[in-house]
Amino acid sequence: IKYTALTGRQVLPPKWAFRYMAGGSNGFWGHNVKTKEQVRDLLNYTVDGYKRLGCIPSAIYFEGGGNDDPECYKVCAENGIKVLQWNCGDYHPRIMRELYPDAEYGSLPMVKSLTNPEQSHYFGDFTHPLSHETIKRIHNEHISLGLRGGMVDFTELVPYDAVFHNGLTGNRMHNFWVYWYSKAYHDLYSETVGDDYICYVRGGCAGSQKWNCTWTGDQRCGFDGMKQQLAAGLSISASGFSVWGTDMCGLTGKPTDEEYIRALEFNAFIPLMRTGGDVSKLPWEYGEEVTEVFEKFYWLRENILPLIYSGAVKTHIEGVPITQAPAL
């Protein structure tokens, strides 16, 4: 409690973010493989399947497709579903030149090379004065369509020879970059949609918990991956990052029915309950038992939502973790 009083309390997402959230990664949406029409068909198939079960997710996460299609936003809005997307800290030079056609390339908010001042890395420099305006230009159109946050990915690849606008180099900014990166997305959504959003990041730095929530990274499907998720979640909870979740049962690999069920039960009792990963986690594509257990734990989650949300409010105000290891 004293640590978070010093560094900052966990950000408080809206109540809908603590309900079941669906979606998947590139492997599910078929980035650069599926056409726009195929992505729309997959979205309609996904939404219709949940409607048949009577278990509508509060949000659907898109990675690599759908998040730039007004028709996908329309389908989600008609069913009361928020749209989340994958985000990255890289700024591709082509995009930057489109955003700032008349600017000197060296003046743009991109991390510079310490050894070659004429060279820019792809990493966004979130300590730069133009940083906030840049991510607004990148995301404003999608936010106006209904985008409400998502994954803030790739936080651990800062080059050693990078130099930032604040004068610090890569060895000093390796962790601290996460703080500025998380803050940039917090500021973007807070300015545009208030508190009606959720962003979650896998990196961490003292104080970054007041800007974003967390997910436990990219484990493989299976019981070993779930053990890693549990250890990671309890560890970060004890370190001030209290609102966390997982890619249910892991990012890569297809779970067995038993692994799916155990992962579903686990996710029902952690702060964020969300599916993700490169393969389908749609319950009706597994065995009949999986579908029955999914419906049971979907509604169990709905019924304990006030308890979970009150825990989130308490950690936001007092710093007490929602999930706690026995030592706590």
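Student: Where is T323 found in this predicted model?

Tutor: In this model, which is predicted, T323 lies in the segment after α10.

Student: Why is T323 called buried?

Tutor: The relative accessibility of T323 is 13%, and buried means under 20%, so T323 counts as buried.

Student: What makes the links between the side chain of T323 and the side chains of S237 and W244 polar contacts?

Tutor: A polar contact needs a pair of N or O atoms within 3.5 Å; the side chains of T323 and S237 are joined at 2.8 Å, and the side chain of T323 meets that of W244 at 2.9 Å, so both values fall within the cut-off. Neighbours within four places in sequence aside, the residues in contact with T323 include G233, L234, F269, I270 and P271.

Student: Turning to α3, how do you know that its length agrees with what a helix should span?

Tutor: Helix α3 has 18 residues, 36-53, which at 1.5 Å a residue should span 26 Å, and because its end C-alpha atoms are 26 Å apart, the two values agree.

Student: What makes us say that the buried residues of α3 line one face?

Tutor: The buried residues are V39, L42, L43, T46, V47, G49, Y50 and L53, and, seen down the axis of α3, they fall within an arc of 155 degrees, so they line one face of the helix. In an α-helix there are 3.6 residues a turn, so residues three or four places apart point the same way.

Student: Which elements cover those buried residues, and which exposed residues are on the face turned away?

Tutor: The cover of the buried residues of α3 includes β1, α2, β2, α4 and α10, whereas the face turned away from the buried side carries the exposed residues D41 and R52.

Key. Residues are numbered from 1 along each chain as its sequence is written. This is a predicted model: local features need pLDDT of at least 70, side-chain atom pairs count only at pLDDT 80 or more; totals for chains, interfaces and linings use all residues. Side-chain values use heavy atoms; hydrogens and water are left out. Helices (H or I, at least four residues) and strands (E, at least two) are DSSP runs, numbered from the N terminus. The expected span of a helix is 1.5 Å times one less than its number of residues. Buried means under 20% relative accessible area, exposed over 50%, partly exposed in between (1.4 Å probe, protein chains only). The arc is that of the directions from the helix axis to the C-beta atoms. Contact means heavy atoms within 4.5 Å. A polar contact is a pair of N or O atoms within 3.5 Å; within protein, one must be able to donate a hydrogen and the other to accept it, and residues adjacent in sequence count only if both atoms are side-chain atoms.
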